[in-house]
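The exercises below work through a single structure, each with a task and a solution set out in steps. Please keep the sequence and the model open while reading.

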Amino acid sequence: VTMDVDVVVIGAGGAGFSAAIEAKEAGRSVVIIEKMPLVGGNTIKGSGGMNASETQYQKRAGKIYTNDTFYQYTMDGGHGLNDPALLRFFVENSSGAVDWLTGLGMNYTFGNYTTAQRSHAVNNGGPVGIELMRVLTARAEQDGIQVMLETKAEEIIMKNGQAAGVRCVGKTGNTVTVNAKAVVLATGGFGANEDLFTKYRPELKGYVTTNHPGATGDGIVMAEAVGADLTDIEQIQIHPTVEQSTSELVSESLRRDGSILINADGNRFYNEILTRDKVSAAVLAQPDSYAYIVFDQNVRNIRSIINTYVSRGFVLEDPTLEGLAAKMGVNPANFRKSVETWNAAAKAGAGDPFGRDEAMENPLVNPPYYAIKIAPGVHHTMGGVKINTNTEVISTRGAPIPGFYAAGEVTGGIHGGNRIGGNAITDIVVFGRVAGQQSAKFAGAR
Ligand code: ADP
């Protein structure tokens, strides 16, 4: 099969759909190539909220989280490795992404928090990835964008030094050649490719992954083959709270809603709302390198995703703290003392022995009590293809490769050495949209 389009988008996750919609609405013909039998990639697994600053929702609530605060928090969380220009662009376009998605029908339910917050919840604390893919796929369908499933991109076609399409393998092993005036790479990360992540970080051998099976880094390999530069490629995030038997990620939002972490001795041991790298290291330093995330009925009421965890069978539940301690196999006296000490600090809004000074709204006082056993797992690959704020792919010689654009987890630089929870959804929409606009412009000029 041979096809001719203006813009070919590789990857049907949040970045790819955002790009395709923008390119199509700029008047170009567009096709999305997807190797899996279904769309959504890692995006659809996004379980928390979407971070943004100076948004219409914050303004309406009178609790503005500023662009500068967002920038500094992300830069500090990323160990200062973040590309300053990409990060500034990301922050300043975050509220525009929220506006755009609001226009597409995204059901934001900005929370009733006492402090200014960056996270925008959807569907009363439901998973953000499902809601994002719902609005993007609906719009793409309305726009008449074709998605070719079970079609695996293998090679970027280059002509006269410009990206000019993609060679793929179809469902039956047939070759599918898509000739295009511009190419958008949106293939996601490589958290499900143990060979690749241990190539860069050998000590992660044997780690479970929260990623969908298609997150194998094909885009990194394809881009490198046509001269793209990579950045921060060894920066791989482990997420602290992964249920190990199912590899299911337990959303960070549970901690932001008031959950605490308890070790095998029944003791609390760390400030739960610090960044993923720090909390993961703290869990790994505990006896047998695991912990329980503990919460109460109030947290369950806020986070509907907990119903999913319950249905998967890994949530311990008991009407009393002692009963829950018995099910967890931890010392009940230590456990009660940990919860009561935390509750006192949470109610006072200060004085936590581990220095927690945020997400204290919900002391754990409303039974039943719940616990999920967790340990770290590979979650996000911060590094990837090097881009600029126009999402042009930068070559190892330092110049953009004409006609070649990339967005989303396949790229590197935005998150530096550690991604902030809730920033990926914003990243893929902000830069996915730019990739669509820029590729449309490039294709229109050819
Ligand atoms: P992002 O969050 O950056 O949008 P996702 O993981 O959500 O990334 O989506 C990336 C999509 O790209 C996934 O659906 C994945 O299956 C798809 N993909 C990965 N490699 C290829 C490939 N070689 N050909 C086609 N699609 C691919």
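**Exercise 1. Locate P368 and describe the peptide bond that joins P367 and P368.**

Solution. Begin with the position along the chain: in this predicted model, P368 sits in the loop between helix 14 (332-348) and strand 15 (369-381). Next, inspect the bond itself: P367 and P368 are joined by a cis peptide bond, with omega at about 0°. For background, most peptide bonds are trans, and most residues other than glycine have a negative phi.

**Exercise 2. Determine the sign of phi at E54, and state which loop holds E54.**

Solution. The backbone angle comes first: E54 is not a glycine, yet its phi is positive, at about 55°. The second step places E54 in the loop between strand 3 (50-51) and helix 2 (56-61).

**Exercise 3. Describe the shell of residues around the ligand, and then identify polar atoms that lie opposite its oxygen atoms.**

Solution. Start with the count: the ligand is surrounded by 27 residues, of which E34, N42, T43, D218 and E409 are the closest. Then sort the shell by character, which gives nine nonpolar, 13 polar and five charged residues. As to secondary structure, helix 1 (14-25), strand 6 (152-159) and helix 8 (218-225) each contribute at least two residues to the shell.

Now turn to individual atoms. In the side chain of T43, an N or O atom is 2.5 Å from an oxygen atom of the ligand. From the backbone, a polar atom of N42 lies 2.9 Å from a ligand oxygen atom, and a backbone N or O atom of A15 is likewise 2.9 Å from an oxygen atom of the ligand. Finally, consider the surface: the ligand taken alone exposes 580 Å², and the protein buries 98% of that.

**Exercise 4. Characterise the second largest pocket, and explain why it lies between domain 1 and domain 2.**

Solution. The volume of the second largest pocket is about 220 Å³. Its lining comprises 13 residues, and Y73, I273, L274, T275 and K278 are the closest to the centre of the pocket. Two elements, helix 3 (67-77) and helix 10 (276-284), each give two or more residues to this lining, with helix 3 supplying the largest share, three residues. Sorted by character, the lining residues are three nonpolar, four polar and six charged. The last step concerns the domains: because domain 1 (2-235 + 382-444) and domain 2 (237-378) both give residues to the lining, the second largest pocket lies between them.

How values were computed:
Residues numbered from 1 in each chain as written. Predicted model: local features only at pLDDT ≥ 70, side-chain atom pairs only at ≥ 80, totals over all residues. Heavy atoms only, no water. Near = heavy atom within 4 Å. Polar contact = N/O pair within 3.5 Å; in protein donor to acceptor, adjacent residues only side chain to side chain. Areas by Shrake-Rupley, 256 points an atom, 1.4 Å probe, with all protein chains shown as cover. Helix = DSSP H or I, 4+ residues; strand = E, 2+ residues; numbered from the N terminus. Nonpolar A, V, L, I, M, F, W, Y, C, P; charged D, E, K, R; others polar. 1 Å grid on protein atoms, 1.4 Å probe; cavity = no way out; pocket = protein on both sides within 12 Å on 5 of 7 lines; lining within 4 Å. Points joined across faces, edges and corners; volume = space filled by probe spheres on them. Domains from an automatic or database assignment.
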